[in-house]
Amino acid sequence: MSLTETGKVRAVMILEVIGKPPEYLVETLENIAKDINSERGVQIVEKKINEPILMKDQKEFYTSFAELEVEVEEIKQLAALMLKYMPAHIEIISPELIALTNNGWNDILNETLRRLHGYDEIARIIQTEKTILEKKIRELMERKEEIKKDDKPKRKKKLKENLDL
């Protein structure tokens, strides 16, 4: 029975990581591969993890990548893998032609939207927290300037204690 007859989709995913120490990159890629293989309806058929190399123009950071050939029961699972693990590259090997029903497209598009909304929510929270932190830093810097300008030693000491400088 060929892959087309089974209805499964086979694809190659390339996952890249950057970091240090180099042995941690291999461990991280192994863990990601293990997580992908444990996804419902997904099986890793072949796995190749490349040795970390020192990044160009970097003294401490390394890069490595893994090539994973996966087989999924449905194309929507491949789309979910793409959104969840953000591979650097993905290539469908087979089947040559993939036909989807409206429901199939709806599943893929709605999952994409759900994740994009989640990312947008996180970005908004981080932006709000950044604004709050910037405001607090400005306030602290202003108070620090007040301390520097104050010519009364007792008051200056009290202001410093309040700032814990």
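This note looks at helix H3, its packing against helix H4, and the nonpolar core.

1. The model is predicted, so local features need pLDDT of at least 70 and side-chain atom pairs count only at pLDDT 80 or more, while totals for chains, interfaces and linings use all residues. Residues are numbered from 1 along each chain as its sequence is written, and side-chain values use heavy atoms, with hydrogens and water left out.

2. The axes (lines fitted to C-alpha atoms, for helices over the stretch in contact, with angles from 0 to 180 degrees between N-to-C directions) of H3, residues 75–85, and H4, residues 102–149, come within 9 Å and cross at roughly 15°. Helices here are DSSP runs of H or I with at least four residues, and strands are runs of E with at least two, numbered from the N terminus. H3 and H4 are therefore roughly parallel to each other, a term for angles under 35 degrees.

3. In contact (heavy atoms within 4.5 Å), Ile75, Lys76, Ala79, Leu83 and Lys84 of H3 meet Asp107, Ile108, Glu111, Thr112, Arg115 and Tyr119 of H4.

4. The buried residues of H3 (under 20% relative accessible area, 1.4 Å probe, protein chains only) include Leu78, Leu81 and Tyr85, and the buried residues of this helix pack against E1, H2, E2, E4, strand E5 (89–94) and H4.

5. The largest nonpolar core (buried Ala, Val, Leu, Ile, Met, Phe, Trp, Tyr and Cys residues joined through side-chain atoms within 4.5 Å) has 21 residues, and Ile36 is among those with the most contacts inside it. Leaving aside residues up to four places away in sequence, Ile36 touches residues including Leu15, Leu68, Val70 and Leu81.

Key. Parallel < 35°, antiparallel > 145°, perpendicular 65-115°, else oblique. Buried < 20%, exposed > 50% of the residue type's maximum accessible area, 1.4 Å probe, protein only.
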